[in-house]
Amino acid sequence: MVSIDPILLTALMFGAMLTLMFFGVPLAWTLMGVGVGFGYWIWGPDSLGIMLPSVFGLMNEFILVALPLFILMGMILERSGIADDLFEMIYKLMGGVRGGLGMGTVVICALIAAMVGITGAATVSLGLIALPAMLKRGYSKQLSAGAIMAGGALGFLIPPSLVMILYAFLTRESVGKLFAAGVMPGLMLAIIYMIYIGIRCHRNPSLGPPIEASERIGTWGKVKALKAVVLPGALIAVVLGTMAIGVASPTEASALGASGAMLCALAHRRLNMTMLSSALYSTARIMGMLMWIMIGAVIFSKIYIALGAGQAIVGQIMAAELSPYLVLTVILLSYLVLGMFLDDSAILFITVPLYVPIIKALGFDPIWFATLFVLAMQSAYLTPPFGYNLFYMRSVAPPEVTTGDLYRSVVPFLIMQILGIVLLVLFPQIALWLPELIFD
């Protein structure tokens with residue numbers, strides 16, 4: 001066995017990983033290659049005794065069954081035209097208000113987040129549906145694009161969030177508690193966005209003018225428009241409600257969600273083999289990618305932990321007697337920087353083995369930190385120049401919306417998200433109140 005300083009080992013392992021990713025090696029092979037390589041270097045063939053049981057243990061994790069089912073639920077709802085119906089509803093209900101379409105778009109993003117759990121789904125869907133509609137009616141390019149990208153990122157926080165499921169798998173925290181912890185911060189941010197849009201459009205109506213009087217409908221028409229939210233709303237209530245009251249586990253709730261999504265598509269007469277096969281193919285493709293990443297992450301983290309490097313890092317930080325909030329600030333800033341270059345799953349699998357033991361040693365609530373992590377990831381997805389939601393929007397935005405417009409559009413929303421992080425640090429009960437109410 002090779003003897004090496006744990007701090008140097010940490011630098012070597014993470015440095016090798018970032019170097020391989022810089023040269024374009026896929027994340028799964030990067031994590032797996034670094035883990036296997038360093039394990040073999042330190043222990044030789046005996047390192048297989050650590051890696052193989054860990055990989056087989058991963059395949060036995062029942063909670064991971066929820067991942068493909070929640071993804072399938074989202075894919076079916078996305079391909080069955082639910083987003084089009086929801087935007088049509090918002091158009092009828094709020095189109096007559098200054099900035100109404102922008103505020104309504106945030107509401108739709110929150111609903112899609114609760115149905116899909118993937119941040120890119122709402123951004124792409126509403127980039128195709130809502131952005132051209134708002135631009136056609138004289139809305140500001142920057143306000144419209146910013147609302148869609150910031151609202152789309154709510155998929156990180158509002159359950160069922162796939163990032164939270166993966167986080168729970170890595171840290172052994174309760175998925176139900178993580179889901180509950182994300183509800184209030186997600187709603188808080190959505191309300192902050194809507195207030196901002198409403199104030200700006202009230203002060204400057206040219207940013208978000210109301211629709212023409214000839215396009216507006218009466219009270220009865222608005223009531224009829226609400227039917228678009230009945231089935232998706234009922235599905236969200238069933239999936240989240242059964243978990244909240246303890247009737248179903250997250251895995252069982254995901255099965256209800258996938259079944260309910262097919263019923264919603266059937267009720268809209270959009271359930272057919274073409275749509276279903278497309279949803280199943282997308283689900284299999286996403287899950288195949290995630291499983292290889294998880295295998296690589298398990299190998300990397302098991303080798304790293306077995307070498308004692310994590311404990312050494314925690315010991316060094318505790319011995320330095322740094323302020324816990326200073327350490328927390330550095331961790332959150334590192335997420336914002338990493339988010340410019342890596343996607344959420346990469347950051348999750350890379351940083352959790354290193355950061356979570358530090359957070360627990362400093363005495364912070366792990367559920368609260370998990371919510372902070374997700375909120376930081378949400379902010380990172382909007383951070384120029386390489387925030388992922390910027391690229392999602394660029395792929396579907398019309399030609400008149402330039403990349404510069406997109407960069408400028410996210411600045412006020414990014415400031416609001418950082419404000420949300422600050423509020424969550426100052427008032428942890430924003431995240432902890434609902435989990436304590438339901439589970440304690």
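The crossing of α4 and α13 is left-handed. This is a predicted model, so please hear every value that follows as computed from it. Helix α4 covers residues 66-79 and helix α13 covers residues 250-267. Their axes come within 8 Å and cross at roughly 20°. An angle under 35 degrees counts as roughly parallel, and α4 and α13 are therefore roughly parallel to each other.

Now the residues in that contact. From α4 we have A66, L69, F70, L72, M73, I76 and L77. From α13 the list is P250, T251, A253, S254, A255, G257, A258, A261, M262, C264 and A265. Sorted by class, the contact of α4 with α13 has 15 nonpolar residues and three polar ones, with no charged residues.

The second helix pair is α9 and α10. Helix α9 runs over 162-171 and α10 over 175-203. How far apart are the axes of α9 and α10, and at what angle do they pack? The axes are 9 Å apart, and the angle is about 140°. That makes α9 oblique to α10, since the roughly antiparallel class takes angles over 145 degrees. The crossing of α9 past α10 is right-handed, whereas α4 and α13 cross in a left-handed way.

On the α9 side the contact uses M164, I165, Y167 and A168. On the α10 side it uses V175, L178, F179 and G182. Seven residues of this contact are nonpolar, one is polar and no charged residue takes part.

Between α9 and α10 there is a loop, and R172 lies in it. R172 is not a glycine, yet its phi is positive, at about 65°. Is R172 buried or exposed? The cut-off for exposed is over 50% relative accessible area; R172 has 56%, so R172 is exposed.

R172 also leads us back towards α4. E61 sits in the loop between α3, residues 48-59, and α4. Leaving aside residues up to four places away in sequence, which residues does E61 touch? E61 touches F169 and R172. For the E61 and F169 pair, the C-alpha atoms are separated by 8.2 Å, with the two positions 108 residues apart along the chain. In this model, then, the loop residue before α4 is in contact with the loop residue that follows α9 and precedes α10.

For a contrasting pair, take Q316 and P398. They are 82 residues apart along the chain, and their C-alpha atoms are separated by 51 Å. Q316 is found in helix α15, residues 309-320. Its relative accessible area is 49%, so Q316 is classed as partly exposed.

Last, the whole chain. The protein has 21 helices and zero strands. The C-alpha trace spans about 80 × 45 × 45 Å along its principal axes. What radius of gyration would a compact globule with 440 residues have? The expected value is near 22 Å, and the protein has 22 Å, which agrees.

Of the 440 residues, 55% count as buried. Looking at contacts with a separation of 6 or more, 81% are accounted for by residues 24 or more positions apart. The E61 and F169 pair, at 108 residues apart along the chain, lies in that range.

Notes
Residues numbered from 1 in each chain as written. Predicted model: local features only at pLDDT ≥ 70, side-chain atom pairs only at ≥ 80, totals over all residues. Heavy atoms only, no water. Axes fitted to C-alpha atoms, helices over the stretch in contact; angles between N-to-C directions. Helix = DSSP H or I, 4+ residues; strand = E, 2+ residues; numbered from the N terminus. Parallel < 35°, antiparallel > 145°, perpendicular 65-115°, else oblique. Left-handed = near helix turned anticlockwise from the far one by under 90°. Contact = heavy atoms within 4.5 Å. Nonpolar A, V, L, I, M, F, W, Y, C, P; charged D, E, K, R; others polar. Rg over C-alpha atoms; globule rule 2.2 N^0.38 Å. Buried < 20%, exposed > 50% of the residue type's maximum accessible area, 1.4 Å probe, protein only.
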